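Morning, everyone. I have one model to go through today, and I will keep to two topics: an interface and a single serine site. Please have the viewer open.

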Protein chains: 4
Amino acid sequence: MPDMQEILNEIVAELAQESERGKVADYIPQLAHVDPSQFAISLATVEGDRFSAGCATTPFSIQSISKVFTLTIALGKWGDGLWSKVGREPSGDPFNSIVQLEHEGGKPRNPFINAGAIAVVDAIMMGHEPKETLAEILSFVRYIADDNSICFDHQVAASEMEHKHRNASLAHFMKAFGRLRHDVDKVLGTYFHQCAIAMSSDQLAHAGLFLASDGVNRPSNLRVVSPQRARRINSLMMMCGHYDASGEFAFRVGLPGKSGVGGGILAIAPGRGSLAVWSPGLDRYGNSLLGARALEMFVQRTGWSVFGH
Amino acid sequence: MPDMQEILNEIVAELAQESERGKVADYIPQLAHVDPSQFAISLATVEGDRFSAGCATTPFSIQSISKVFTLTIALGKWGDGLWSKVGREPSGDPFNSIVQLEHEGGKPRNPFINAGAIAVVDAIMMGHEPKETLAEILSFVRYIADDNSICFDHQVAASEMEHKHRNASLAHFMKAFGRLRHDVDKVLGTYFHQCAIAMSSDQLAHAGLFLASDGVNRPSNLRVVSPQRARRINSLMMMCGHYDASGEFAFRVGLPGKSGVGGGILAIAPGRGSLAVWSPGLDRYGNSLLGARALEMFVQRTGWSVFGH
Amino acid sequence: MPDMQEILNEIVAELAQESERGKVADYIPQLAHVDPSQFAISLATVEGDRFSAGCATTPFSIQSISKVFTLTIALGKWGDGLWSKVGREPSGDPFNSIVQLEHEGGKPRNPFINAGAIAVVDAIMMGHEPKETLAEILSFVRYIADDNSICFDHQVAASEMEHKHRNASLAHFMKAFGRLRHDVDKVLGTYFHQCAIAMSSDQLAHAGLFLASDGVNRPSNLRVVSPQRARRINSLMMMCGHYDASGEFAFRVGLPGKSGVGGGILAIAPGRGSLAVWSPGLDRYGNSLLGARALEMFVQRTGWSVFGH
Amino acid sequence: MPDMQEILNEIVAELAQESERGKVADYIPQLAHVDPSQFAISLATVEGDRFSAGCATTPFSIQSISKVFTLTIALGKWGDGLWSKVGREPSGDPFNSIVQLEHEGGKPRNPFINAGAIAVVDAIMMGHEPKETLAEILSFVRYIADDNSICFDHQVAASEMEHKHRNASLAHFMKAFGRLRHDVDKVLGTYFHQCAIAMSSDQLAHAGLFLASDGVNRPSNLRVVSPQRARRINSLMMMCGHYDASGEFAFRVGLPGKSGVGGGILAIAPGRGSLAVWSPGLDRYGNSLLGARALEMFVQRTGWSVFGH
């Protein structure tokens with residue numbers, strides 16, 4: 001096994017010199033004002049080791065990476081019944097496209113596009129209020145990250161709510177097709193808070209580890225999901241984790257991953273470890289430009305691609 | 001390591017009792033008349049072992065599985081230049097959809113939908129006649145399968161040509177956008193012959209082995225492609241190998257795979273082995289119904305999913 | 001000139017025997033409970049004559065026919081500037097499709113699909129509250145109908161608001177693209193009230209007369225719009241007045257017309273007169289089944305098609 | 001009645017000074033080399049008068065205007081049965097879009113988009129060879145234009161055949177859906193010749209007159225179609241005659257019209273006359289830029305819009 005700490009250090013050093021860092025998300029001020037020069041990478045291995053480099057304890061807005069966690073919760077509540085509410089195919093469309101919804105009767109293509117994640121939140125709520133649902137989501141994230149200091153960034157959530165219109169359009173559309181049980185504004189409020197969870201890359205790598213280790217949380221050894229469910233969540237991350245650039249990520253990195261517009265990416269190397277990277281600048285698909293680059297470098301050095309050494 | 005021969009035998013025995021076997025492709029008589037009760041499964045491991053069960057030496061029409069081989073040839077000729085001719089994202093559409101082509105200026109979304117495979121053939125031709133290009137394709141397939149008895153089924157090719165209209169529409173569309181260099185009818189003739197290669201599951205498993213073993217042909221140890229290229233071809237098979245049911249295959253099987261309308265599927269377990277299955281009945285997406293089931297059973301018993309045990 | 005009263009009587013008599021009357025709109029109870037056997041037809045001629053048959057003084061919900069009146073108001077405020085907010089091409093899609101919006105940056109194709117009508121209301125509001133805007137709309141309709149008894153049906157409006165989700169999706173979508181100036185809920189509230197205007201066919205035929213008489217209200221002889229604007233509104237009614245069945249209406253009836261889901265149709269015979277029909281049962285495109293039939297019969301008997309005798 | 005000759009002269013004089021004349025079609029050399037400064041306008045009235053200005057006896061390639069004539073022939077053979085082969089709704093898409101075809105099972109939206117016109121030619125052929133069908137089409141055009149000197153421009157037809165790919169794509173697509181009875185290349189050959197008919201604006205105005213005069217050819221007084229059929233063809237020209245700019249033409253000109261990529265437009269003023277204009281430069285929708293302008297000027301001066309004075 002290569003020296004992981006050295007690899008992470010090299011990646012940080014090499015990317016520090018990169019001038020083209022992408023474009024920070026600017027649709028809300030809270031994201032627009034993030035310093036684009038920040039970078040972090042963290043690794044949690046199934047053996048229980050932890051490595052990190054860069055500003056790996058600085059919290060950032062995990063945004064869509066939260067969809068992995070809410071999907072896990074929803075599968076716990078609904079099992080395969082969830083798939084009547086949301087599909088599991090790549091969409092071939094941007095994260096917020098509504099075209100596919102109209103062609104498929106309001107059923108989102110997968111749980112990682114916005115419409116799908118909104119349907120997943122609705123599935124989790126089960127008649128409860130946003131406050132209760134949010135407590136449940138946060139409690140789950142704290143549990144898998146083994147860290148009770150993780151919180152929502154309420155300013156980010158409030159700002160998202162102000163700029164809700166594209167997601168509101170998706171939610172009302174699904175509501176019109178009878179695809180949402182709860183009040184649209186309550187679902188959206190919950191969704192925006194979920195996306196506004198703030199975590200550091202260290203916390204995120206830790207939180208994702210159960211997906212790398214057959215569903216068992218490390219080092220606590222508590223089972224989060226069955227091995228089969230861990231595999232299936234990984235397959236969804238591989239196929240749909242980067243919107244309409246999922247093929248590109250699979251081609252270059254070769255790991256299941258989920259990106260967020262805050263610049264984070266969570267990537268899973270099954271049987272090996274969980275990786276979190278953070279670089280706020282995005283490519284034109286809304287995925288972290290240097291984050292994906294860092295993961296590509298990591299996989300080249302370690303041979304951890306699921307598609308071969 | 002489990003007893004592979006026993007696993008294959010069990011799968012054959014269990015599926016033999018299955019009455020719901022899907023629907024044999026019927027758009028050409030040569031495929032429509034295939035006996036749907038036939039079933040074969042073959043495994044070639046990176047250690048050089050061979051296992052098979054069912055009618056594993058009966059040749060069948062590999063159809064779209066051939067796209068993996070022509071992609072490999074085209075990457076050898078063009079390297080990354082190929083990606084200016086064809087994309088590498090899942091399409092979210094059926095194999096023969098033309099809608100995506102119009103929205104994206106005639107550039108096919110990936111090399112495994114029909115339009116993409118036609119563009120790949122055009123890329124391989126490089127000014128040569130269909131006859132020469134076909135000789136080259138056949139020679140490559142014989143080489144990786146280590147079997148000079150492999151042939152085209154000219155009757156199948158001729159019948160495909162008679163029913164060419166959907167593919168002709170795609171080809172003329174790309175030609176109109178300047179995406180094909182060669183004469184449309186010559187490209188189509190080559191494409192239909194390529195799809196009409198007849199192979200047994202034993203031959204197919206053998207031919208795919210270089211993708212499981214970092215690009216090296218076993219047991220000859222001759223390098224076919226670089227390890228990186230093998231990984232990348234695998235990633236494309238994972239993301240796009242089953243048309244608009246690629247997510248479903250990844251979810252259930254968790255291996256890179258490519259299906260053909262003749263009822264075959266080639267699946268790659270990187271670092272472990274190459275699997276070929278054949279069952280002529282198709283599901284509604286045009287993928288082998290029992291073939292995918294067999295692979296799911298195999299992965300459950302062996303833990304060979306790339307997404308975790 | 002044929003005996004108009006006799007023609008109307010014949011139409012009423014003939015259609016009274018029709019058993020296939022279409023399906024009453026059922027998405028809100030207020031429309032679902034309307035008696036489908038009701039029928040009315042009214043004609044106001046440019047010479048000042050009035051003819052009617054059936055229950056021509058019974059008010060019904062004019063729904064989308066109101067879009068003709070709000071378009072007229074908006075053109076008065078914005079002139080050709082309105083066309084930067086909404087297009088003037090037939091959409092080829094159903095009245096509530098959102099696909100076109102995504103493909104065209106949130107700009108509705110024409111003022112008669114729902115998205116377009118919502119954009120038109122937003123254009124009319126000009127910073128005012130819904131109450132004021134509604135007062136203005138009602139005042140205009142009363143003026144052109146020369147009848148101050150015309151009112152909103154607030155129960156219909158409230159029920160529409162409860163079932164707002166499809167339209168809310170369209171409105172939030174346009175808001176996300178910066179296409180609406182006002183608060184989405186206020187725009188929707190105004191829109192639903194506008195659609196809930198209740199009028200009889202007599203009132204409606206009277207209200208539409210300015211479009212048949214070069215923009216001059218009859219018999220008052222007060223100018224409502226310029227002759228050019230009247231022509232242009234007529235052209236929009238012809239091209240887009242029946243959603244994705246506009247071609248069918250032009251083919252069969254040959255008059256500019258606008259239908260509403262309440263079962264009404266307003267049709268304009270330029271230089272001759274204004275016709276209103278009402279039959280609550282709809283065809284599968286959401287247009288009055290017998291209403292269109294009645295207009296077709298009328299045009300056959302009178303030769304009033306704009307496309308020739 | 002205004003002095004028609006004076007109006008035509010004014011239009012020619014005014015447009016002669018126009019520097020922005022659009023862009024001549026350049027997909028085949030025969031059209032690309034046409035002198036863009038040429039202009040012609042011709043009027044044939046139902047009273048039998050003839051007026052023209054500009055180079056009104058110079059033949060030009062009528063291209064898609066021919067679709068009006070083949071539609072007329074096809075309706076003569078199939079009556080309302082034609083509508084099972086082709087729809088009659090505006091498409092909202094460009095003339096050569098294939099997207100709509102896939103969404104609607106290969107049935108073209110209307111007879112004036114390319115796919116629809118190809119289906120109409122196939123309907124006319126009725127088992128005959130292209131040569132016979134072309135003789136029939138030419139004979140019909142000569143009859144309604146009362147001029148036996150009208151011919152195909154075989155160079156244009158041959159060049160179209162060389163650049164056939166977009167239309168070949170449409171035709172093969174329809175063939176794949178069983179929508180064409182005849183051999184694709186024969187249908188295309190016939191279609192390209194039909195489009196390559198060369199006519200002067202004088203001839204074209206004469207040929208269209210039966211549509212303005214209830215289906216009766218003037219001055220011969222021979223009936224070409226029934227009054228109802230003339231009305232219906234006019235309605236189709238209004239709704240679909242200018243592709244995805246049909247709404248614009250209706251808005252500005254207010255007459256049924258059909259444009260061709262050669263720069264001609266045929267417009268019908270029912271009960272009044274038939275107008276032909278020619279200016280080779282096109283707008284971005286593929287319609288004659290100054291041709292439409294000329295018709296707009298004509299209608300403003302004469303009040304001949306079907307939508308009011």
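How many salt bridges does the rule find across the interface of chain C and chain A? Before the answer, a caution: this is a predicted model. The rule finds 2 salt bridges between chain C and chain A. One of the pairs to look at is A:R166 with C:E102, where the closest N and O atoms are 3.8 Å apart. That pair counts because the rule accepts a side-chain nitrogen of Lys or Arg within 4 Å of a carboxyl oxygen of Asp or Glu.

On the side of chain C that touches chain A, two or more residues each come from helix 4, residues 99-103, and helix 8, residues 165-176. Helix 8 of chain C gives the most to this side, with 8 residues. Sorted by class, the side has 7 nonpolar, 5 polar and 4 charged residues.

Polar contacts next. Across the interface of chain C and chain A, 3 residue pairs are in polar contact, with both residues at pLDDT 80 or more.

Now the extent of the interface. In chain C, 16 residues are in contact with 17 residues of chain A. The size of an interface is often given as the accessible area lost when the parts come together. For chain C and chain A, the buried area is about 1500 Å², and carbon and sulfur atoms give 65% of it.

On to symmetry. A turn of 180 degrees, with a shift of 0.0 Å along the axis, lays chain C on chain A with an RMSD of 0.0 Å. That is why the relation can be called a two-fold axis. If you want to find the axis in the viewer, start from C:S169: within chain C, its C-alpha is the nearest to the axis, at 1.9 Å. Both copies use the same surface, and 100% of the contact residues of chain C recur in chain A.

The second topic is C:S259, which is found in strand 9 of chain C, residues 257-259. Is C:S259 buried or exposed? C:S259 has a relative accessible area of 0%, and it is therefore buried, as the cut-off is under 20%.

What does the side chain of C:S259 meet in a polar contact? The partner is the side chain of C:N287, at 2.5 Å. Leaving out residues up to four places away in sequence, C:S259 touches C:S64, C:I65, C:G241, C:H242, C:Y243, C:G264, C:I265 and, again, C:N287.

That is what I had; over to you for discussion.

Conventions. Residues are numbered from 1 along each chain as its sequence is written. Chains are lettered from A and ligands numbered from 1 in the order in which they are written. This is a predicted model: local features need pLDDT of at least 70, side-chain atom pairs count only at pLDDT 80 or more; totals for chains, interfaces and linings use all residues. Side-chain values use heavy atoms; hydrogens and water are left out. Contact means heavy atoms within 4.5 Å. Buried area is the accessible area (1.4 Å probe) that two parts lose on being put together, summed over both. A polar contact is a pair of N or O atoms within 3.5 Å; within protein, one must be able to donate a hydrogen and the other to accept it, and residues adjacent in sequence count only if both atoms are side-chain atoms. Helices (H or I, at least four residues) and strands (E, at least two) are DSSP runs, numbered from the N terminus. Ala, Val, Leu, Ile, Met, Phe, Trp, Tyr, Cys and Pro count as nonpolar, Asp, Glu, Lys and Arg as charged, and the others, Gly among them, as polar. Buried means under 20% relative accessible area, exposed over 50%, partly exposed in between (1.4 Å probe, protein chains only). Copies are superposed by least squares on the C-alpha atoms of residues with pLDDT of at least 70 in both.
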